[in-house]
Amino acid sequence: MWTIELRFLTDNAEHTAARLAARPAHRGALAALHADGRLHAAGPFADDSGALLILDVPDRTALDLVLAADPYFHLPAVELTEVREWSPVVGPGHGPRTR
């Protein structure tokens, strides 16, 4: 399982506008990942400074493919600040990997 932390850069109005324009398609991609069991949770921080995603994919290569398929992650106003493999001990995804 992986956690992905994003930061939204707001120092350029055009970049922010492009991020907001891409958000519906991005959220559609997230919904599809959730429907097929690869995304456990995702959403913006309360102050809208960024977001957190929790994905269940087998390895970093699979994670990189998911990120590459979503144009949101290639926008200048979206910065990947942290990508970490996570091993939960309670809740969805704990225990042996089923994928």
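This short report walks through the sheet, the helices and the core of a predicted model.

## The sheet

A good place to start is the open sheet, where four strands line up in the order E2-E3-E1-E4 with antiparallel pairing. Strand E2 (39-44) and strand E4 (78-85) sit at the edges; each has a single partner strand, so one side of each has no neighbour in the sheet. From one strand to the next, the twist averages 10°.

Look next at strand E1, residues 2-8, which pairs with E4 in the antiparallel sense over seven bridges. Here you can find Arg7 opposite Glu79 in E4.

## A helix across the strands

Helix H1 covers residues 13-35 and lies across E1, E2, strand E3 (50-55) and E4. Relative to E2, helix H1 runs at about 160°.

## The nonpolar core

In soluble globular proteins, nonpolar side chains tend to be buried together. In this model, the largest nonpolar core has 20 residues, and Ile4, Leu6, Leu53, Leu55 and Leu63 have the most contacts inside it. E1, H1, E3 and H2 are the elements that each give two or more residues to this core.

Leu53 is a nice residue to click on. Beyond its neighbours within four places in sequence, Leu53 is in contact with several residues, including Trp2, Ile4, Leu6, Leu30, Leu39 and Phe73.

## A buried charge

Asp70 lies in the loop between helix H2 (60-69) and E4. Asp70 is buried but has no salt bridge. Its nearest side chain of opposite charge is Arg27, 9.8 Å away. Not counting residues up to four places away in sequence, Asp70 touches His26 and Ala29.

How values were computed: Residues numbered from 1 in each chain as written. Predicted model: local features only at pLDDT ≥ 70, side-chain atom pairs only at ≥ 80, totals over all residues. Heavy atoms only, no water. Pairing = 2+ DSSP bridges. Axes fitted to C-alpha atoms, helices over the stretch in contact; angles between N-to-C directions. Contact = heavy atoms within 4.5 Å. Buried < 20%, exposed > 50% of the residue type's maximum accessible area, 1.4 Å probe, protein only. Lys, Arg positive; Asp, Glu negative; His and termini not counted. Salt bridge = Lys/Arg side-chain N within 4 Å of Asp/Glu carboxyl O. Core = buried A, V, L, I, M, F, W, Y, C linked by side-chain atoms within 4.5 Å.
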